[in-house]
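I opened the notebook to record what I looked up in this structure. The entries go from sheets to helices to single residues.

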Amino acid sequence: MIKKILTMLVALFAFAGIASAENYPYRSDYMFVTVPNHSDWLYKTGENAKIEVQLYKYGIPCDGEITYEIANDMLEADKNGKATLKNGKCSIDMGTRATPGFRDLRLTANVDGKKYKHHIKVGFSVDKIEPWTKEPADFMEFWDNNVKELRKSKLKYTTENADEYSTDKMTCKLVKVDVDGQHSVYAYLFVPHNAGKGSCPAVLCPPGAGIKTIKEPLRHRYYGEGGCIRMEMEIHGLDPRLSESTFNDISKAFNDRNGGYLANGIENRDLYYMKHVYLALLRCLDVMTGLDEWDGKNLIVQGGSQGGALSIIAAALDKRVTQCVVNHPALSDMGAYSEKGRTGGYPQFNKIKGIFTKDNLTTMAYYDVVNFARHLNCDVYMTWGYNDDTCSPTTSYAVWNVIKSHKEALITPINEHWTSDATERGHYDWIMKHLK
């Protein structure tokens, strides 16, 4: 049963200049309010979407001119126009779609010599969105063989105290986990103080995209302090205690405009960089399930963006996983951009000229989240927003619509590529409520 909790926040602050991935809320004298004529932001194909646009300065309605463009989700605009604000309001007809998907209304107001931008996406027959990516005939055979090969070698890892992240309710250790004798990953492992044998659920949290340290290890301290084993991991084998400047140097060196690590070796499914990353997830799960404190029943994966993608992948590859909790998963329907007019997922390979070769598209299919999502058999809780321009709502629905196991959704239409602290805490609450 789908549980849709529609979070309707009608006020969205705009700001001058280029928007970042997390553009709400920021301080601004100007405020856009956009209200679709369907309160859930959803329409059937063929229905017209009309948006009331409001603009305020210091809370006072602004008159003036709005320019706008309308596009299919993440694609170039196919319509543009102008609208006049009277008493701070105007109405814009976005039209419709003939096929399932999202339309994006992109607004610009020229006020006091500056440009203020805002946008709103609305969906059409979203329950019928299907992924472009097809599952290879030997998809699970490929991954089963890789997992079997991984299991031939003994689990190896080292630990050292990380007192800087320990609290009066939990201990923290820095763990270095060997993946395959060549690659390794680091993680902060949190275990509740004085936990009895077999008393704790275990939660793995893979990271978002990028080459970076494990940021804010205590942001989700309520897991460890609430009785869970929790592992916050990275994927590149880089000690998270390295300085920020060192991480920046490494990121600049390897994360170039040609796709960085997410395109490294993509011409061959056996050489692709993400292969050892996907297998590292299983090694981390092995570490947690090997602890005396693990309850032997509840094994959870939880993450957002790239971390959401990796959570789905881990749950599909390791049938011990009982819950998969994710927000706006990346690496979903990555090859869809190869077809004109289709919306694909992060890392938005359409920005890299010539990447959609036959070999590359073949590899993408073996690593695409939609194909792993088809094989989930655990409970799933998924969150996504409609205004996301990193992991588009189109690809979130492409994932959601292929999941066959028990699933529940928290849909927050106004959200860009972010989740609130309350939503993050809600993930924890959902996990604890659904323990076996």
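Entry 1, a first pair. Which residue in S16 is the bridge partner of Cys-200? I looked it up in the model, which is predicted, and found Trp-294. The pair belongs to a longer contact: strand S14, residues 200-205, and strand S16, residues 294-304, are joined by four bridges. I noted that S14 and S16 run parallel.

Entry 2, the sheet around that pair. I then asked how many strands form this open sheet, and in what order. There are nine, in the order S11-S12-S13-S15-S14-S16-S17-S18-S19. The pairing is mixed. At the edges I found strand S11 (157-161) and strand S19 (407-411). Each of these has a single partner strand, so one side of each has no neighbour in the sheet. On average, neighbouring strands of this sheet are turned by 20° against each other, with direction ignored.

Entry 3, helices on the sheet. I looked for what packs against the strands. Helix H5, residues 306-317, packs on the sheet and touches S16 and strand S17 (323-327). The direction of H5 makes about 145° with that of S16. Helix H8, residues 393-400, also packs on the sheet, where it touches strand S18 (379-384) and S19. For H8 the angle with the direction of S18 is about 170°.

Entry 4, a five-stranded sheet. I wrote down another open sheet, with five strands in the order S3-S10-S9-S6-S7. Its pairing is mixed. Which strands stand at the edges here? They are strand S3 (42-43) and strand S7 (77-85), and each has a single partner strand, so one side of each is left without a neighbour in the sheet. Inside the order, I followed strand S9 (residues 101-111) to strand S10 (residues 114-124) and found 11 bridges between them. S9 and S10 run antiparallel. One of the residues I checked was Thr-108, whose bridge partner in S10 is Lys-117.

Entry 5, the partners of S4. I took strand S4 (residues 49-57) and went through its pairings with S2, S8 and S5. Strand S2, residues 30-36, is joined to S4 by seven bridges, and the two run antiparallel. In that pairing Tyr-30 stands opposite Lys-57 of S4. Strand S8, residues 89-95, is joined to S4 by six bridges, again antiparallel. Here Ile-51 has Ile-92 in S8 as its bridge partner. Strand S5, residues 60-61, has two bridges to S4 and runs antiparallel to S4. Lys-57 turns up once more, with Ile-60 in S5 as its bridge partner. The hairpin of S4 and S5 has two residues between the strands, and Tyr-58 in this hairpin takes a positive phi near 55°.

Entry 6, H4 against H5. I returned to H5 and asked at what angle H4 and H5 pack. The angle is about 65°, and the axes are 10 Å apart. That makes H4 roughly perpendicular to H5. The crossing is right-handed. On the H4 side I listed Met-274, Val-277, Tyr-278, Leu-281, Leu-282 and Leu-285. These meet Gln-306, Leu-310, Ile-313, Ala-314 and Leu-317 in H5.

Entry 7, a lysine in H4. Is Lys-275, which is found in helix H4, buried or exposed? I found it buried, with a relative accessible area of 16%. Leaving aside neighbours within four places in sequence, Lys-275 is in contact with Trp-143, Asn-146, Arg-269, Asp-270 and Tyr-367.

Entry 8, helix H6. I listed the buried residues of helix H6 (residues 358-367): Asn-360, Thr-363, Met-364, Ala-365, Tyr-366 and Tyr-367. What covers them includes helix H1 (139-151), helix H4 (274-289) and helix H7 (369-373).

Entry 9, cysteines. How many disulfides are there? The count comes to zero, with a cut-off of 2.5 Å between the sulfur atoms. The sulfur of Cys-172 is 13 Å from the closest cysteine sulfur, that of Cys-205, which is too far for a bond. Cys-172 counts as buried, at 1% relative accessibility. For Cys-284 the closest cysteine sulfur is also in Cys-205, at 11 Å, again too far for a bond. Cys-284 is buried, with a relative accessible area of 0%.

Note on methods. Residues are numbered from 1 along each chain as its sequence is written. This is a predicted model: local features need pLDDT of at least 70, side-chain atom pairs count only at pLDDT 80 or more; totals for chains, interfaces and linings use all residues. Side-chain values use heavy atoms; hydrogens and water are left out. Two strands pair if DSSP finds at least two bridges between them. Axes are lines fitted to C-alpha atoms, for helices over the stretch in contact, and angles run from 0 to 180 degrees between N-to-C directions. Contact means heavy atoms within 4.5 Å. Buried means under 20% relative accessible area, exposed over 50%, partly exposed in between (1.4 Å probe, protein chains only). Angles under 35 degrees count as roughly parallel, over 145 as roughly antiparallel, 65 to 115 as roughly perpendicular and the rest as oblique. A crossing is left-handed if the near helix is turned anticlockwise from the far one by less than a right angle, and right-handed if clockwise.
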